[in-house]
Amino acid sequence: MHDSNDWGYSNAGLIASQDQALLVDTQFTLGGTRQLLDAVEGVCPLDAVGTVVSTHQNGDHTWGNQLLPQAEIITSAASAAGSCHEMGPDQLTQLCRSTAQGKAVAYVVEHFGRFDFSGVTVVPPTRTFEGREEIRVGEVVVELIDLGAGHSAGDVAVHVPDSGVVYAGDALFSGGHMMVWSQSLSGCIRACQTLLDTGAEVFVPGHGTLLDRAGVAGIRDQLSAVADAAVSHAQRGVPLADAAHLIKATHAGSWAHPERLFTQAAAAYAEAGIPGMPSSTWEMLEGMVSLTP
């Protein structure tokens, strides 16, 4: 068993109507995606899945795309063009098998060493959009929403208006602190408000349990509080590493992975024009593990 906020275990969604189906995201590994597709087959034939919407390009949401070769893979132009700060499957496998020492390596092995990335071929999107786009899945109207940079370089939400449901990808984390791979904490905050503005009542986060409107508002307000604190520290000349420790001490709460607050602070510093935003996955990891016990 794994916790719903463990790294690498993500939520996906299926919308099916009149022999047509749309899948929101795949999984981190081929094995995980096959389990997902087994569940899909309990609802509809796999060849009915004509569309996969990738909420962003992180591997835990896309590395199973190759198992749906018949599907059009849609994401936003910003998502497709942006470079997430993640490693590829081969690089991540090599690192997990490495004999190198250090807290950052140990952190990677702890959270990703359990996964088998054998056979993964990263499959890019086949079509992109900007702004908003409405598509139909049988009788169901689905709205794709380009949220812009936030959690990643480009995030996408999938809104099903008649059901009052939004699949938010990693624009929302439930019960765990958000990773911010982009340099825009304000984008994460705006995304939360955009999701609320749909009027939906049920929100499927990229990780963790379902959220209601109050839960989404709580995430928005938490991110806003971190942003305010980070800007205050930046204006007083507090170095990023020190500010991240102060923010963790006051804003960690009971959510999982408080070390991710480093990435939120770094994004706020970048938006404030303060140098020091990590320029690589490794620098981001080192900043995060500096907040671990």
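Start by selecting residues 20-24 and colouring them: this is strand E2, and it pairs with strand E3 in the parallel sense over four bridges. Keep in mind that you are looking at a predicted model. For a landmark on this pair, click leucine 22, which stands opposite threonine 51 in E3.

**Stop 1: the sheet around E2 and E3**

Now add helix H1, residues 30-41, to your selection. Together, E2, H1 and E3 make a right-handed β-α-β unit.

Next, widen the view. E2 and E3 belong to an open sheet of five strands, in the order E1-E2-E3-E4-E5, with mixed pairing. At the edges you'll find strand E1 (13-17) and strand E5 (127-129), and each of these pairs on one side only. As you step from one strand to the next, the twist averages 20°.

What makes the pairing mixed? Pick E1 and E2 and follow their directions: these two pair in the antiparallel sense, over five bridges. Glycine 13 has valine 24 in E2 as its bridge partner. Then move to the other side of E3, where strand E4 (residues 72-76) pairs with E3 in the parallel sense over three bridges. Valine 52 and isoleucine 73 in E4 stand opposite each other there.

If you want a general rule to carry along: strands in a sheet pair through backbone hydrogen bonds, in either a parallel or an antiparallel way.

Before leaving, show the surface over E3. This strand is mostly covered, with four of its five residues buried.

**Stop 2: two serines**

Select serine 54, in the loop between strand E3 (49-53) and helix H2 (59-62). Is serine 54 buried or exposed? Its relative accessible area is 1%, so it counts as buried. Show what touches it: setting aside neighbours within four places in sequence, serine 54 is in contact with Asp25, Thr62, Asn65, Ile73, Ile74, Thr75 and Val156.

Now select serine 76 as well. The two serines are 22 residues apart in sequence, and their C-alpha atoms are 8.5 Å apart in space. Serine 76 lies in strand E4, and with 0% relative accessibility it counts as buried. Its contacts, again leaving out neighbours within four places in sequence, are Thr128, Phe129, Asp146, Gly154, Asp155 and Val156. Try one more distance from here: leucine 147 is 71 residues away along the chain, yet its C-alpha atom is separated from that of serine 76 by 8.6 Å.

**Stop 3: the other five-strand sheet**

Select strands E6 to E10. They form an open sheet in the order E6-E7-E8-E9-E10, with mixed pairing. Strand E6 (132-137) and strand E10 (202-207) each have a single partner strand, so one side of each is left without a neighbour in the sheet. Neighbouring strands here are turned by 25° against each other on average, ignoring direction.

Zoom in on strand E8 (residues 155-160) and strand E9 (residues 165-173), which pair in the antiparallel sense over three bridges. Valine 160 stands opposite valine 165 in E9. Then hop over to E10: E9 and E10 pair in the parallel sense, over five bridges, and tyrosine 167 stands opposite valine 204 in E10. To get from E9 to E10 the chain goes through helix H6, and this β-α-β crossover is right-handed.

How enclosed is E10? Five of its six residues are buried, so E10 is largely enclosed by the rest of the structure.

Turn on H6 (residues 185-197) too. This helix lies across E6, strand E7 (140-148), E8, E9 and E10, and runs at about 170° to E9.

**Stop 4: two crossing helices**

Finish by selecting helix H5 (residues 103-112) and helix H10 (residues 281-289). They pack at an angle of about 95°, with axes 9 Å apart; H5 and H10 are therefore roughly perpendicular to each other. Show side chains to see who meets whom: Lys103, Ala104, Val105, Tyr107 and Val108 from H5, and Trp282, Leu285, Glu286, Met288 and Val289 from H10. By class, this contact of H5 with H10 has eight nonpolar residues, two charged ones and no polar ones.

Stay on H10 for a last look. Its buried residues include Thr281, Met284, Leu285, Gly287, Met288 and Val289, and what covers the buried residues of H10 includes H5 and helix H9 (261-271).

Terms used: Residues numbered from 1 in each chain as written. Predicted model: local features only at pLDDT ≥ 70, side-chain atom pairs only at ≥ 80, totals over all residues. Heavy atoms only, no water. Pairing = 2+ DSSP bridges. Axes fitted to C-alpha atoms, helices over the stretch in contact; angles between N-to-C directions. Contact = heavy atoms within 4.5 Å. Parallel < 35°, antiparallel > 145°, perpendicular 65-115°, else oblique. Nonpolar A, V, L, I, M, F, W, Y, C, P; charged D, E, K, R; others polar. Buried < 20%, exposed > 50% of the residue type's maximum accessible area, 1.4 Å probe, protein only. Right-handed = clockwise from strand over helix to strand, strands pointing away.
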